[in-house]
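Please work through the exercises below with the sequence and the coordinates at hand, trying each task before reading its solution.

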Amino acid sequence: MSKTIIISNRLPVQLQISDGGLTAIPSVGGLATGMKSVHSGGESLWIGWSGLTDEDTPESLESEIDRALSEHGCAKVKLTAKDVDGFYFGFSNRTIWPLFHYFLEYTEFELDFWNVYKSVNQKFADAIIAHSDENDTIWVHDYQLMLVPQMVREKRPNTSIGFFLHIPFPSYEIFRTMPWREEVLTGLLGSDLIGFHTYDYERHFLSSVRRLLGLDVSFNDVYLDHRVIKVDSFPMGIDYKKFKDAALEHNKNKEDQRSDLQIKLDNHKASAPDTKLILSIDRLDYSKGIAKRINAFEYFLNKYPEYKEKVRLIILAVPSRSNVPQYQLLKREIDELVGRINGELSTVNWTPIWYFYRSLPFENLIDLYTSSDIAWLTPLRDGMNLVAKEYIATRIDKTGVLILSEMAGSAYEMNEALLINPNNFEQQADTLKRAITMPKEEQMARNMFLQNRLERYNVEVWANEFMNSLNRKSEGDETFVSQ
Ligand code: GDG
């Protein structure tokens, strides 16, 4: 029987070794949830890195690890600490991530990183070959694995292979600065179907294919040797029901069931009922524009001083890639900014910014979403941005204002949000004022449209549309006979 093979850098379960024993913790991330409909019932296998390097893994635990993973429909790719350094912290996060988010000044073109990226992509491809046969359908995820489709294609010319990129694909002018640009494009073109979040990323990719490889491109088809590769956009949704149900449950909670965070939020509301809570949640990443947002908040308070003591900015910054120097510098910059602004502006009754540098449990995320009057998300570049969608899904009474950067992929589908340019402080100060004073009826009218769209185009629909498109492609007319 043919099966679906999902491949991503990390698996939907994380393994931890403690006291010599092994624990498998299911991941609650968007990708894991979205793929549930595809990854179920024993007809699929998810291949990825377990999170444990070879050096971390006693040999005696190897078979136990395989057993634990196979209970979750998973199989592992083995990586050494050196692999993880060069492939993940190196090429993925010091070359591709900054380049694809238009941070050329942070992009490092290191031959050593590239060589490890190639060899680790080969390890993933080898694992796919070992665990699959010709009739299986393969879905590769994200920027860490862009060479895998072609590596698999070489061994399995007739297998159906899809690839989805979760981050932006940059314009040709940016992409062409990379020394290994042709190899990356060729790697991706091993696929039958290549998916992006937005039409713009799709066009950027096709433009690079045409200009760098000189291939024929017609609409969204690329012609290569005897194959036609389809390129399309599939904007990723969220598990709408999960967020809506969690918010409903949260609202039902009795006093004594409230979390400590919710008690703090409620006390704040009770003591200052006119104060608006403005929320931002991101991984601590320069692409998310956190430092600029804090500066823009200070600008707003200077431009509209009447809102001092009337607003509070909550920043949840989730630790991320702290081995990469740029992330350490950013952490220091944000710590200093928050310290300076709170130091200068706080009064006996008011601290302008509440800053959490940690990952919170899902329940606390819901506490924050449901208690905040405004969500303010200002990425400088973002493939999609699921936080924007999650905030809207939790607004049971339909109140709440979303201020969202035009540079997020989600802005294309969320026109009823207040869209801003994160570099324009003047516009953001005025938009914050507009959000604070927006009548409830207008908030509800805007959110009704947003919620309807998010409910319809949820993450399950996203995954199914991609798979259906890939299946149609493999059943259909992909054979192209070059003239
Ligand atoms: C990449 C792309 C694209 C956040 N803090 C906590 C927590 N989260 C969850 C959120 C959300 C997810 O993490 C973040 O997703 P985003 O989409 O906002 O951003 P990235 O992590 O950068 O994701 C992005 C995405 O891939 C999907 O394709 O949208 O553009 O960069 O789901 O809820 N979850 C918990 N505690 C936290 O503290 N439990």
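Helices (H or I, at least four residues) and strands (E, at least two) are DSSP runs, numbered from the N terminus. The model is a predicted one, in which local features need pLDDT of at least 70 and side-chain atom pairs count only at pLDDT 80 or more, whereas totals for chains, interfaces and linings use all residues. Residues are numbered from 1 along each chain as its sequence is written.

**Exercise 1. Positive phi**

Task: determine in which loop D142 is placed, and whether D142 counts as buried, partly exposed or exposed.

Solution. Begin with the backbone: D142 is not a glycine, yet its phi is positive, about 80°. Next, locate D142 in the loop that lies between β6 (137-141) and α5 (148-155). For the burial class, C-beta atoms are placed from the backbone, and a residue is buried if 20 or more other C-beta atoms lie within 10 Å of its own, exposed if 12 or fewer, and partly exposed in between. D142 has 19 C-beta neighbours inside 10 Å and therefore counts as partly exposed.

The same steps can be applied to D225, a residue other than glycine with a positive phi near 50°. D225 is found in the loop between β10 (221-224) and β11 (227-233), and, because it has 8 C-beta neighbours inside 10 Å, D225 counts as exposed.

**Exercise 2. The surroundings of α5**

Task: find which residues of α5 are buried, and which elements are included in what covers them.

Solution. The buried residues in α5 are V148, P149, Q150, M151, V152 and R153. Since six of the eight residues of α5 are buried, the helix is largely enclosed by the rest of the structure. Its buried residues are covered by elements that include β1 (4-10), α4, β6, β7 (160-164) and α7.

**Exercise 3. Two helix pairs**

Task: establish at what angle α10 and α13 pack, and at what angle α7 and α8 pack.

Solution. Axes are lines fitted to C-alpha atoms, for helices over the stretch in contact, and angles run from 0 to 180 degrees between N-to-C directions. Helix α10 (residues 260-271) packs against helix α13 (residues 362-371) at about 20°, and their axes are 9 Å apart. This makes α10 roughly parallel to α13, given that angles under 35 degrees count as roughly parallel, over 145 as roughly antiparallel, 65 to 115 as roughly perpendicular and the rest as oblique. On the α10 side L261, Q262 and L265 meet N364, D367 and S371 of α13, where residues are in contact if their C-beta atoms, placed from the backbone, lie within 7 Å.

For helix α7 (residues 181-188) and helix α8 (residues 199-213), the angle is about 120° and the axes are 10 Å apart. The two helices α7 and α8 are therefore oblique to each other. Their contact joins R181, E182 and L185 in α7 to S208, V209, L212 and L213 in α8.

**Exercise 4. The segment before β1**

Task: state which residues S2 contacts beyond its neighbours within four places in sequence.

Solution. S2 lies in the segment before β1, and, because 12 other C-beta atoms lie within 10 Å, S2 is exposed. Leaving aside neighbours within four places in sequence, S2 contacts N135, D136 and T137. Between S2 and V318, which are 316 residues apart in sequence, the C-alpha to C-alpha distance is 39 Å.

Methods. Two residues are in contact if their C-beta atoms, placed from the backbone, lie within 7 Å.
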